[in-house]
Amino acid sequence: QVPLTWCYAGHGDVERGIFGWLAQPEGLATLSRVSRSFRDIVSSTAALWSAACDATWADKIHVSPKARALRARAPREALRISMRDARCTTIDAATLCSLQWYFRFKRQAGRAWTRGDPYW
């Protein structure tokens, strides 16, 4: 049995290891409400927020360049920006033009149209 004081000897190393398993924004927000020491650890550990960025952005088609650039120095803020952007219901011209778009003609369009299409 490990003495309880040993767990706190590393100034939160054990908690950081455990919190790493909960690298979802909702989990980190919940943990930060458990106690002041948990809140301090969650707030000050960039690696947790970086992991939350990875988990949140894994299946996203587009994450704003601003959020991606901010991730290295302020991952918590980067996550906050990307989550705010995810709730956006409009798209501006700059974002629309920054994406790579794909198009292909259906076979029914005829050979004249599909001849120049690299898919066919």
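This report covers a buried acid, a neighbouring tryptophan, one helix face, the salt bridges and the cysteines of a predicted model.

## Asp117: buried, without a salt bridge

Asp117 sits in the segment after α9, the helix of residues 111-114. The residue is buried, yet it has no salt bridge. The nearest side chain of opposite charge belongs to Arg104, and it is 6.1 Å away. A salt bridge needs the nitrogen within 4 Å of the carboxyl oxygen, so the Arg104 side chain at 6.1 Å does not qualify.

What does the side chain of Asp117 reach instead? It reaches the backbone nitrogen of Phe105, at 2.7 Å. Leaving aside residues up to four places away in sequence, Asp117 touches Phe103, Arg104 and Phe105. Arg104 is thus on the contact list of Asp117, although the two form no salt bridge.

## Trp120: partly exposed

Trp120 also lies in the segment after α9. Its relative accessible area is 37%. That value falls between the 20% and 50% cut-offs, so Trp120 counts as partly exposed.

Which residues does Trp120 touch, not counting those up to four places away in sequence? They are Arg104, Phe105, Lys106, Arg107 and Thr114. Arg104 and Phe105 are contacts of Asp117 as well. For Arg107, there is also a backbone distance: its C-alpha atom is 8.3 Å from that of Trp120. The two residues are 13 residues apart along the chain.

## Helix α4: a buried side and an exposed side

Helix α4 spans residues 36-44. Its buried residues are Phe38, Ile41 and Val42. Seen down the axis of α4, they fall within an arc of 95°, so they line one face of the helix.

What does the face turned away from the buried side carry? It carries Arg36 and Ser44, both exposed.

## Salt bridges

Side chains of opposite charge can pair when their charged atoms come close. The model has five salt bridges. Among them is the pair Arg80 and Glu77, with an N to O distance of 2.9 Å. Both residues lie in helix α7, residues 75-86. They are three residues apart, about one turn of the helix. Arg80 is partly exposed, at 47% relative accessible area. Glu77 is partly exposed too, at 32%.

Another of the five joins Lys60 and Asp59, at 3.2 Å from N to O. Here the two partners fall into separate classes. Lys60 is partly exposed, with a relative accessible area of 40%. Asp59 counts as exposed, at 61% relative accessibility. The exposed cut-off is over 50%, so Asp59 passes it while Lys60 does not.

Arg84 and Asp85 also meet in a salt bridge, with 3.8 Å from N to O. The cut-off is 4 Å, so this pair counts. Arg84 is partly exposed, with a relative accessible area of 46%. Asp85 is partly exposed as well, at 33% relative accessibility.

## Cysteines

A disulfide is a covalent bond between the sulfur atoms of two cysteines. How many disulfides does the model have? The count is zero.

Is Cys53 buried or exposed? Cys53 is buried, because its relative accessibility is 0%. Cys88 is partly exposed, with a relative accessible area of 45%.

Conventions: Residues are numbered from 1 along each chain as its sequence is written. This is a predicted model: local features need pLDDT of at least 70, side-chain atom pairs count only at pLDDT 80 or more; totals for chains, interfaces and linings use all residues. Side-chain values use heavy atoms; hydrogens and water are left out. Helices (H or I, at least four residues) and strands (E, at least two) are DSSP runs, numbered from the N terminus. Buried means under 20% relative accessible area, exposed over 50%, partly exposed in between (1.4 Å probe, protein chains only). Lys and Arg count as positive and Asp and Glu as negative; His and the chain ends are not counted. A polar contact is a pair of N or O atoms within 3.5 Å; within protein, one must be able to donate a hydrogen and the other to accept it, and residues adjacent in sequence count only if both atoms are side-chain atoms. Contact means heavy atoms within 4.5 Å. A disulfide is a pair of cysteine sulfur atoms within 2.5 Å. The arc is that of the directions from the helix axis to the C-beta atoms.
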